[in-house]
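Here is a quick tour of one protein model for anyone who likes to think in side chains. Have a look at the sequence and the structure first, then read on.

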Amino acid sequence: MSLVLFSCRATGPFIMFEETARRVFKVLGRPWTETGAFSCDELPEILRILDEEARKDKERLAQIEAERERKLRESTYDEELRMREEEKRNSVEKINFFQRVVPLQSMIKRAIKHGDAIMWGRP
């Protein structure tokens, strides 16, 4: 897995997996480039788009959890035990999109406040 370094004069740098950075660019409707910059003028709209996508991601996860809870409530005791065992076997700690973009959202907020651009490239 490749890494991407985001940096800004207003903040410290942080590293993101390229896979996540590519998803960010897809959400923004921009082509992926290995290096580049977001100008200060672009940042409010970029932040708005990322905030909206994070909200949608949280809603989607809440719907999945509500459906899971509904199935558990409607199941018999034996079915519930089987479902919980299956969940344990298939359990993989997953970090969701809304969690992965928090550092970038924080960087954007500080860059806006200080009037700085955000650059990215290979570490």
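How many residues apart in helix α2 are E65 and R68, and what does that amount to in helical turns? They sit 3 residues apart, so about one helical turn separates E65 from R68. Keep in mind as you read that this is a predicted model.

## A salt bridge along α2

E65 and R68 pair up as a salt bridge, and their closest N and O atoms are 2.9 Å apart. Both partners get some exposure to the outside. E65 has a relative accessible area of 38%, so it counts as partly exposed. R68 comes in at 22%, which makes it partly exposed as well.

Elsewhere, E18, R22, E34 and R122 are joined into one network by salt bridges that share partners. The structure holds 15 salt bridges.

## Bridges between distant parts of the chain

Now for a pair that reaches further along the sequence. E53 forms a salt bridge with R23, with 3.9 Å between the closest N and O atoms. This one links distant parts of the chain: E53 belongs to helix α2 (residues 43-74) and R23 to helix α1 (residues 18-28), 30 residues apart. As for exposure, E53 is partly exposed with a relative accessible area of 21%. R23 is partly exposed too, at 37% relative accessibility.

E42 and R30 make another salt bridge, and here the closest N and O atoms are 2.7 Å apart. Again the pair links distant parts of the chain, this time from loop to loop: E42 is in the loop between β3 (36-38) and α2, while R30 is in the loop between α1 and β3, 12 residues away. E42 has 25% relative accessibility, so it is classed as partly exposed. R30 has a relative accessible area of 30% and is partly exposed as well.

## Where α1 meets α2

How are α1 and α2 oriented to each other, parallel or perpendicular? Their axes come within 10 Å and cross at roughly 105°. An angle from 65 to 115 degrees counts as roughly perpendicular, so α1 and α2 are roughly perpendicular to each other.

On the α1 side, the contact is made by R23, V24, V27 and L28. On the α2 side, I46, I49, L50 and E53 do the job. You have met two of these residues already: R23 and E53 are the partners in the 3.9 Å salt bridge.

## A nonpolar patch on the surface

Some nonpolar side chains show up on the outside. M1, L3, I15 and F17 form a nonpolar patch on the surface, and together they have about 420 Å² of accessible area. I15 is part of strand β2 (residues 14-17) and is partly exposed, at 49% relative accessibility.

F17 is in strand β2 too, and its relative accessible area of 38% makes it partly exposed. Which residues does F17 touch, not counting those up to four places away in sequence? They are M1, S2, L3 and R100. F17 and L3 are 14 residues apart in sequence, with 4.6 Å from C-alpha to C-alpha.

## Strand β3 and a contact from far along the chain

A37 lies in strand β3 and counts as partly exposed, at 42% relative accessibility. Leave out its neighbours within four places in sequence, and A37 is in contact with E42, I118, M119 and W120. I118 is 81 residues from A37 in sequence, yet the C-alpha to C-alpha distance is 5.4 Å. E42, for its part, is the residue that forms the 2.7 Å salt bridge with R30.

## Two loop residues

G12 is in the loop between β1 (3-7) and β2. Its relative accessible area is 47%, so G12 is partly exposed. G12 and R84 are 72 residues apart in sequence and 42 Å apart in space, C-alpha to C-alpha.

K94 sits in the loop between α3 (77-90) and α4 (97-100). Is K94 buried or exposed? At 59% relative accessibility, K94 counts as exposed. Going by C-alpha atoms, K94 is 18 Å from I15, and 79 residues separate the two in sequence.

Technical notes
Residues numbered from 1 in each chain as written. Predicted model: local features only at pLDDT ≥ 70, side-chain atom pairs only at ≥ 80, totals over all residues. Heavy atoms only, no water. Patch = residues over 30% accessible without salt bridge, like charges linked within 9 Å, V, L, I, M, F, W, Y side chains within 5 Å. Areas by Shrake-Rupley, 256 points an atom, 1.4 Å probe, with all protein chains shown as cover. Salt bridge = Lys/Arg side-chain N within 4 Å of Asp/Glu carboxyl O. Helix = DSSP H or I, 4+ residues; strand = E, 2+ residues; numbered from the N terminus. Buried < 20%, exposed > 50% of the residue type's maximum accessible area, 1.4 Å probe, protein only. Axes fitted to C-alpha atoms, helices over the stretch in contact; angles between N-to-C directions. Parallel < 35°, antiparallel > 145°, perpendicular 65-115°, else oblique. Contact = heavy atoms within 4.5 Å.
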